[in-house]
Structures are given as structure tokens and as C-alpha cells.
Amino acid sequence: MKSQHESSEITQALSGHYKEIIRLLGENPEREGLKKSPERVAKAMQFMLQGYEKDPVEVLKSAMFLEEDYKQMVIVKDIDFFSLCEHHMLPFFGKVHIAYIPRKYITGLSKIPRIVDIFARRLQIQERMTLQIKECIQQTLNPLGVMVVVEAQHMCMQMRGVEKQNSLTTTSDFTGSFQQARTREEFMNLIKK
């Protein structure tokens with residue numbers, strides 16, 4: 001069974017719209033260099049937005065283990081991500097750093113970057129993505145606390161608008177044990193090393 005991002009009907013429909021966009025922008029969609037562009041863009045958009053097809057909770061649950069003794073921070077840092085901002089549909093990209101302190105359950109380490117990808121591969125804003133990652137881990141694993149820090153560059157700020165090339169946007173969100181400044185500081189120090 002094909003997933004939505006591989007559906008030829010959706011690809012065809014999107015291609016028609018992209019062909020019309022190219023025409024409306026003053027280009028000839030039948031020109032040699034542009035003939036296949038509508039289909040390429042349609043496939044690229046379906047790939048970049050495939051996060052709607054996956055359930056991040058199920059991904060975490062697929063590798064959830066009972067681990068009653070470990071009550072220290074589990075950190076996965078420098079998780080690369082690419083997303084499309086919902087305001088201009090231009091890329092924003094960067095790194096996500098995540099920590100949680102298990103109460104009873106841990107998850108497979110590869111599952112943390114997978115949930116980042118699921119939320120990033122949607123039309124997004126950085127603030128919401130930060131919150132969604134935190135809430136998913138908190139609700140699924142029920143740890144003593146979760147902290148998420150996202151650092152990103154936004155093409156909508158660099159290619160258009162204010163055109164600030166070296167700007168970096170940082171967002172963070174946390175629960176539980178990370179409400180304590182000392183615990184947050186420990187995490188921030190560890191991700192900077």
C-alpha cells in the first residue's frame with residue numbers, strides 16, 4: 001500500500017497546480033528546463049511534509065522499556081532537522097536538543113530523532129514544534145521532566161523580509177524537574193559541550 005507521499009494521484013494534482021504557479025509567475029512551464037519541475041516540486045513537497053502520515057506517540061511506544069532504576073538525565077543533542085514555515089512555506093532548519101528524566105520508562109534512543117522528524121515534516125512554526133516535541137515525550141513516557149531546545153535559521157528572515165543572514169532563533173520548553181533552574185542549567189551546559 002502506497003503512503004500518501006507516494007500517491008500518483010496526489011502528485012498529478014499538485015503538479016497541475018505548480019505548473020499554473022510557474023505560468024502565473026511569468027515563466028513558460030513548457031520550457032525545457034521547467035517541463036519536469038511541477039512534478040519534481042510536487043514529489044519534493046510530499047516528501048518534506050510526510051510528517052502528517054506518522055503518529056509520534058506510536059513511534060515512542062514502539063520502543064518503550066521499563067527502567068525503574070535510572071533517574072538521571074537522558075540527553076539526545078544536535079538532532080538535525082529541516083522544516084517548512086507555515087507562513088511563507090520557506091525552509092527553516094537547525095538542531096534540536098532534548099533531555100528527559102525517566103520516572104519509569106525509557107525509549108529507544110533512535111526514537112527521539114524520529115519524533116523530531118515527524119513534527120518537523122509538517123507545515124510548522126518553531127515555537128509550536130518545540131511544544132509538540134515536549135508534549136509528546138511528556139505524555140507518552142510520563143518522565144519526571146522533559147526539556148526541548150530548538151535552534152534554527154529561517155529562510156523567511158534570510159532570503160526575504162529583513163534579510164538577516166546570521167540570525168539564529170532559539171526556543172525552549174520544559175516540564176517537571178526542569179522547572180528547577182539548577183536542572184535546566186545542567187542541561188544547557190551539557191548541550192554546549
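In the predicted model, His97 stands opposite Val149, a residue of strand E6. This pair belongs to the antiparallel association of strand E3 with E6, the latter spanning residues 145-154, in which the two strands are joined by ten bridges. E3 also pairs with strand E2 (residues 74-85), again in the antiparallel sense, and nine bridges are found between E2 and E3. Within this second pairing, Val96 of E3 is faced by Ile79. Strand E3 itself comprises residues 91-101 and is mostly covered, eight of its eleven residues being buried. The connection between E2 and E3 is a hairpin with five residues between the strands, and Met89 in the turn adopts a positive phi of about 55°.

Helix H5 extends over residues 126-141 and contains 16 residues. The distance from its first C-alpha to its last is 23 Å, close to the 22 Å expected at 1.5 Å a residue. The buried residues of H5 include the hydrophobic-named positions Met129, Ile133, Ile137 and Leu141, together with Cys136. Gln126, Thr130, Gln132, Lys134, Gln138 and Thr140 are likewise buried. Immediately after H5, a positive phi of about 50° is found at Asn142.

A further helix, H2, covers residues 37-48 and includes Val41. The relative accessible area of Val41 is 34%; because this value falls between the limits of 20% for buried and 50% for exposed residues, Val41 is classed as partly exposed. The C-alpha atom of Val41 is separated by 7.4 Å from that of Ser15, although the two residues are 26 residues apart along the chain.

Conventions:
Residues numbered from 1 in each chain as written. Predicted model: local features only at pLDDT ≥ 70, side-chain atom pairs only at ≥ 80, totals over all residues. Heavy atoms only, no water. Helix = DSSP H or I, 4+ residues; strand = E, 2+ residues; numbered from the N terminus. Buried < 20%, exposed > 50% of the residue type's maximum accessible area, 1.4 Å probe, protein only. Pairing = 2+ DSSP bridges. Expected span 1.5 Å × (residues − 1).
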